[in-house]
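The exercises below are meant to be worked through with the sequence and the coordinates open side by side. Each task is followed by a solution that proceeds step by step.

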Amino acid sequence: MDAVQLAIEEQVFEQHRHHSKSTFFWVWGALLVMTGIEVFLAYQNMEPIRMLSILMGLSIIKAALIIAYFMHMKFEVSTMKWLTMASLVFCLAMMVVFLPDAFRILHLGVR
Amino acid sequence: MADVAVPHAAAGASPYEPSLFGTYSKKIGMWLFLLSDSLTFGALLWAYTYGRVSTPNWPTPFHSESIRNATLMTAFLLTSSLTMVLAVRAAVDGRTKALRMWLLATMACGTAFIILHGREWSNLIAEGLTLPMFPTPPGHPSAEFADVAKSVPQFPATFFGLTGMHMLHVTIGVIYLGVVALRKKFIPILLGLWLVAWLATPAYSPFHYGAHFLLLAAIAISIILWLKPKVYDPSDVEVAGLYWHFVDLVWMFIFPLVYLMSTRIV
């Protein structure tokens, strides 16, 4: 293998060795607690839009914790963080363009 | 660019510039795949949302038993992410025995997720919430679920499409980790699992035919390991871990959107 690749791998592994294992257990605990809160909320008979907003907010926090700590993104260089995450959020946000059509269907009548 | 430079003498031995992303190529490749795959799931989740918004009488079929089952599945996936992180750490530290143990623990949690999900699907199908492409189960489906499948076909179509795609990813993840942990020794295990899954599921279950995916995977793995036999190093474990965490990440959106937003409150 390319010597540069091996050196980069060793550098990445050295970063891993410096992470405290307890952090991973805290993240895991936080994810389980947030899941419990979500399930509790599901039975609160809330207005759907309000519940959706809270559930999606919690899901985004959970996703951010998984990406940052479990997937190691917090410790990557800024080019990697910004290029990957910004492009992902942009592409997913572009799909919102279809949503107004779903609302339009609701108000279609018989001609 | 200062933060991505590789500070060692070996860098001079290569004619190439250091990586723009400050990490090794395999990991960048996996990240690019995951970005493209997240668009696949993004499209499916938007399709589900579109169907839900445009359908006034969207069903809420998930009773407390289903929610309990899905919560347990979520706990298994979250725990598998923890064991996967510990596997990566063991690989980096060179603790081979611990690495294998954590990988097997991750696979066990993933397998538990698949089994619980399969049970959930089987219950729904038996109650009449099904797709035209699935074989008809014997017995009498409940009128409520059969009615949902007929009057709101968007629900079973998007539900089975989205959760089926995710279940396929979890299955591939378990197989991927099995190859990294056990290499050639995993092939007979996979063939055994195929036989068990095929023979233990009734002929009217979609999993009876779906089990053949394990046979195809065993053939594909045999060819790959025959063409390129290798001992997997810590970078391979880390890259496999990225895939596994992604599968967990996607479920963090499917669980609230599909299950919790369709909870039956009595």
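**Exercise 1. Describe how helix 1 and helix 5 of chain B pack against each other.**

Solution. In this predicted model, begin with the two axes: helix 1 (residues 25–54) of chain B and helix 5 (residues 154–182) of chain B have axes that come within 10 Å and cross at roughly 160°. Angles over 145 degrees count as roughly antiparallel, and therefore helix 1 of chain B is roughly antiparallel to helix 5 of chain B. The next step is the handedness, and here the crossing of helix 1 of chain B and helix 5 of chain B is left-handed. Then list the residues that meet: helix 1 of chain B brings Leu44(B), Leu45(B), Ala47(B), Tyr48(B) and Gly51(B), while helix 5 of chain B brings Gln154(B), Thr158(B), Gly161(B), Leu162(B) and Met165(B). Sorted by class, the residues of this contact between helix 1 and helix 5 of chain B are six nonpolar, four polar and no charged.

**Exercise 2. Carry out the analysis for helix 2 and helix 9 of chain B.**

Solution. The axes of helix 2 (residues 64–93) of chain B and helix 9 of chain B come within 9 Å, and they cross at roughly 160°. It follows that helix 2 of chain B is roughly antiparallel to helix 9 of chain B, and the crossing of helix 2 of chain B with helix 9 of chain B is left-handed. The contact between helix 2 and helix 9 of chain B is made up of 15 nonpolar, six polar and two charged residues.

**Exercise 3. Which residues touch the most other members of the largest nonpolar core, and which helix gives the largest share of this core?**

Solution. The largest nonpolar core holds 80 residues, and those touching the most other members are Ala87(B), Leu103(B), Leu177(B) and Val250(B). Helix 9 (residues 234–259) of chain B supplies the largest share of this core, with 16 residues. To look at one member in detail, take Leu103(B): once its neighbours within four places in sequence are set aside, Leu103(B) is in contact with Ala87(B), Leu177(B), Val180(B) and Ala181(B). Another core, of five residues, lies apart from the largest one, and it includes Val4(A), Ala7(A), Ile8(A) and Tyr24(B).

**Exercise 4. How many residues does each chain bring to the contact between them, and which element of chain A gives the most?**

Solution. Chain A contributes 49 residues to the contact and chain B contributes 53 residues. On the side of chain A that touches chain B, two or more residues come from each of helix 1 (3–17), helix 2 (21–42), helix 3 (48–70), helix 4 (78–94) and helix 5 (99–106) of chain A. Helix 1 of chain A gives the most to this side, with 11 residues. In terms of class, the side of chain A that touches chain B has 32 nonpolar, 10 polar and seven charged residues.

**Exercise 5. Is Val196(B) buried or exposed?**

Solution. First locate the residue, which sits in helix 6 (residues 186–200) of chain B. A residue counts as exposed if 12 or fewer other C-beta atoms lie within 10 Å of its own; Val196(B) has 12 within that distance, and therefore Val196(B) is exposed. As a point of comparison for the whole chain, 39% of the 266 residues of chain B count as buried.

Technical notes:
Residues are numbered from 1 along each chain as its sequence is written. Chains are lettered from A and ligands numbered from 1 in the order in which they are written. This is a predicted model: local features need pLDDT of at least 70, side-chain atom pairs count only at pLDDT 80 or more; totals for chains, interfaces and linings use all residues. A nonpolar core is a set of buried Ala, Val, Leu, Ile, Met, Phe, Trp, Tyr and Cys residues joined through C-beta atoms within 7 Å. A residue is buried if 20 or more other C-beta atoms lie within 10 Å of its own, exposed if 12 or fewer, and partly exposed in between; C-beta atoms are placed from the backbone. Helices (H or I, at least four residues) and strands (E, at least two) are DSSP runs, numbered from the N terminus. Two residues are in contact if their C-beta atoms, placed from the backbone, lie within 7 Å. Axes are lines fitted to C-alpha atoms, for helices over the stretch in contact, and angles run from 0 to 180 degrees between N-to-C directions. Angles under 35 degrees count as roughly parallel, over 145 as roughly antiparallel, 65 to 115 as roughly perpendicular and the rest as oblique. A crossing is left-handed if the near helix is turned anticlockwise from the far one by less than a right angle, and right-handed if clockwise. Ala, Val, Leu, Ile, Met, Phe, Trp, Tyr, Cys and Pro count as nonpolar, Asp, Glu, Lys and Arg as charged, and the others, Gly among them, as polar.
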